[in-house]
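Here are some short exercises to try with the model open beside you. Have a go at each task before reading its solution.

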Amino acid sequence: MNNAYNGIMNVYKERGFTSHDVVAKLRGICRMKKIGHTGTLDPEAVGVLPVCLGSGTKLCDMLTDWDKEYIAVLRLGVVTDTQDLSGSILSQCDADSLASVTEEQVRDVIMGFVGDYDQIPPMYSALKVDGKKLYELARAGKEVERKPRRVQIKEIEIIKIELPLVQMRVVCSKGTYIRTLCHDIGSRLGCGGAMESLERSRVGIFGMEEALTLSELERLRNEGKISDVIIAPDAVFAAYKSVCVNEQGLKMVRNGNRLGAAQLRQNMQNLGVTDREQVRVYDEEERFYGVYAYHEAERLLKPVKMFLD
């Protein structure tokens, strides 16, 4: 297989596909092996799935850390083993009790989750305990203790309330399970709750507007236009200042070495680069080599992440 593509592709993951399914199909479409995704979406969820290709796969761990935005629908009055409606029902709230829950109560409880919160990961997840994935244990009928993890709900916007359904937009930190947020909202209201649907609308700089389905990407491949929708790795760092190495620095940067003033065409102080600030490093032909951090005490740029092919 060739390895012609390097960068990031904004894929729209459709319902029924796992994130691994998307990667497998893209390997066929792009005819290359070196492809990785940047954060799992459940098979029933849809939306933005940034996929890294070639040297862009070095971005996978960095993109996983980005904030994510979701549009979720919560159904109150039901609790399931998976915390969404794909699972088995464990309990249901009686009609009278559910009818007593008011919109004002729902709003107050939901908005109370904004900020840091300790979330217990669901059993139906890919997290591992003692080397075994939780969902494998759950399918075997086993439940194990899970330690709460601190997550951050940065924003919640309630889009629509038509009880028992609530549609909301959530911006959160990495590691947040929206299924579990829905479950926890229902628990706090006392009526139970489960996630009815989920759409990931944004991952960092990647939004729904530009996301492409696998069939659209296959059509672009057939038309010889797939390169048009692959985003170069350095676009992720567009907000960073950039520096250019000279001929001496080119030898250093190709080996991933530190860079001093003698290897650069710019002065860090003149650029206004502060201690520990990260910058993009290019050669004279505007080829991107990587991200470096400036260490003021030593007057050196040290590599953070290299993107050599």
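A pocket here is an open set of grid points where a 1.4 Å probe fits, with protein on both sides within 12 Å along at least five of seven lines. Keep in mind that this is a predicted model.

**Exercise 1.** Find the largest pocket and describe its lining.

*Solution.* Start with the volume: the largest pocket holds about 1100 Å³ of space. Next, look at its centre, where T40, D42, A126, Y177 and R179 are the closest of the 35 lining residues. Then ask which elements contribute: α1, β4, α5, α6 and β12 each provide at least two lining residues, and β12 gives the most, with three. Finally, sort the lining by character, which yields 11 nonpolar, 14 polar and 10 charged residues.

**Exercise 2.** Do likewise for the second largest pocket.

*Solution.* Its volume comes to about 310 Å³. Of the 18 residues lining the second largest pocket, D81, Q83, M123, E143 and R146 lie nearest its centre. Helix α6 has the largest share of this lining, three residues. By character, the lining splits into seven nonpolar, five polar and six charged residues.

**Exercise 3.** Is strand β3 buried or exposed, and which strands pair with β3?

*Solution.* First check burial, taking under 20% relative accessible area as the cut-off: eight of the eight residues in β3 (46-53) are buried. Now trace the partners. Strand β1 runs antiparallel to β3 over seven bridges, with I8 bridged to C52. Strand β2 is also antiparallel to β3, joined by three bridges, and H37 faces V51 there. Strand β12 pairs with β3 in the parallel sense over two bridges, with G47 opposite R200.

Notes:
Residues numbered from 1 in each chain as written. Predicted model: local features only at pLDDT ≥ 70, side-chain atom pairs only at ≥ 80, totals over all residues. Heavy atoms only, no water. 1 Å grid on protein atoms, 1.4 Å probe; cavity = no way out; pocket = protein on both sides within 12 Å on 5 of 7 lines; lining within 4 Å. Points joined across faces, edges and corners; volume = space filled by probe spheres on them. Helix = DSSP H or I, 4+ residues; strand = E, 2+ residues; numbered from the N terminus. Nonpolar A, V, L, I, M, F, W, Y, C, P; charged D, E, K, R; others polar. Buried < 20%, exposed > 50% of the residue type's maximum accessible area, 1.4 Å probe, protein only. Pairing = 2+ DSSP bridges.
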